[in-house]
Amino acid sequence: MTTPPADGDRAATWRLAAGYPPADDHEGFLIGGDDGGPACTCGWRGDPEPDGPDLPVQWRRHVYSAVPELPVWELAEVVRRARELLEQSVQRARTRGASWELISKAAGISRQAAYAQWGGPLRDAVPSPGDPETYQAFSDELLSEARRMLFHARGWE
Ligand SMILES: [Zn+2]
């Protein structure tokens, strides 16, 4: 094990905001000096070469190499959240009076499949279409959440 600098320089430490325990075991940090460079609490040492990839990028590559199933976990999380967001979007469209015909076309599936998947009772959490401001906030929240998940999936959060 290598320990990060004890000087409390949080700017020089990196963590993947993954929430996946095997990835949580890796914390990156910088070692100063001519022989310095990126390092990890697991003992990995990166290349101090100034013309190489950015030091945090080297460390990020190390983590994805050390935890090869990490993208699977991250994308499974994205898919799970995207399904929730899709269901919420369908509920919102239903609340606003969209037909199953329109919803199924938008989702790229048959009307029967759309109804089978989302035909349950509407939940109370869906804002009323009579309140446009709440509605807009709800919509913005869904979109920003989806963007955040995709951003994270690409490994740049
Ligand atoms: Zn590591």
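In which helix does Ser139 lie? The residue belongs to helix α6, which spans residues 132-153. This is a good place to enter the structure, which is a predicted model. Ser139 has 14 C-beta neighbours inside 10 Å and therefore counts as partly exposed, since that class lies between the limits of 12 or fewer for exposed and 20 or more for buried. Its C-alpha atom is 8.1 Å from that of Ser89, although the two serines are 50 residues apart in sequence.

Stepping back to the whole chain, the model contains 6 helices and 3 strands. Read from the N terminus, these elements follow the order β-α-β-β-α-α-α-α-α. The chain has 157 residues, of which 13% count as buried. Among the contacts with a separation of 6 or more, 45% are between residues 24 or more positions apart.

The strands come next. Together, the 3 strands make an open sheet with the order β1-β2-β3 and antiparallel pairing. At its edges are β1 (13-14) and β3 (37-40), each of which pairs on one side only. Helix α2, made of residues 55-66, packs on this sheet and touches β1, β2 and β3. The direction of α2 makes about 30 degrees with that of β3.

The pairing can be followed strand by strand. Between β1 and β2 (residues 28-31), 2 bridges are found, and the two strands pair in the antiparallel sense. Thr13 stands opposite Phe29 of β2, while Trp14 has Gly28 in β2 as its bridge partner. On to the next pair, β2 and β3 also run antiparallel and are joined by 4 bridges. Here Ile31 stands opposite Gly37 in β3. The hairpin formed by β2 and β3 has 5 residues between the strands, and in this hairpin Gly33 takes a positive phi near 90 degrees.

Beyond the sheet strands, the loop between β3 and α2 holds Gly43. Is this glycine buried or exposed? Gly43 has 8 C-beta neighbours inside 10 Å, and a residue with 12 or fewer is classed as exposed, so Gly43 counts as exposed. Gly28, the bridge partner of Trp14, is 15 residues away from Gly43 along the chain, and the C-alpha atoms of the two glycines are separated by 9.8 Å.

Finally, two of the helices can be looked at as a pair. How far apart are the axes of helix α4 (residues 100-107) and helix α5 (residues 111-118)? The axes of α4 and α5 lie 8 Å apart, and the helices pack at an angle of about 95 degrees. Angles of 65 to 115 degrees count as roughly perpendicular, and α4 and α5 are therefore roughly perpendicular to each other. On the α4 side, the residues that meet α5 are Trp100, Glu101, Ile103, Ser104 and Ala107. Their counterparts in α5 are Arg111, Ala113, Ala114 and Tyr115. Sorted by class, this contact between α4 and α5 comprises 6 nonpolar, 1 polar and 2 charged residues.

Key: Residues numbered from 1 in each chain as written. Predicted model: local features only at pLDDT ≥ 70, side-chain atom pairs only at ≥ 80, totals over all residues. Pairing = 2+ DSSP bridges. Contact = placed C-beta atoms within 7 Å. Axes fitted to C-alpha atoms, helices over the stretch in contact; angles between N-to-C directions. Parallel < 35°, antiparallel > 145°, perpendicular 65-115°, else oblique. Nonpolar A, V, L, I, M, F, W, Y, C, P; charged D, E, K, R; others polar.
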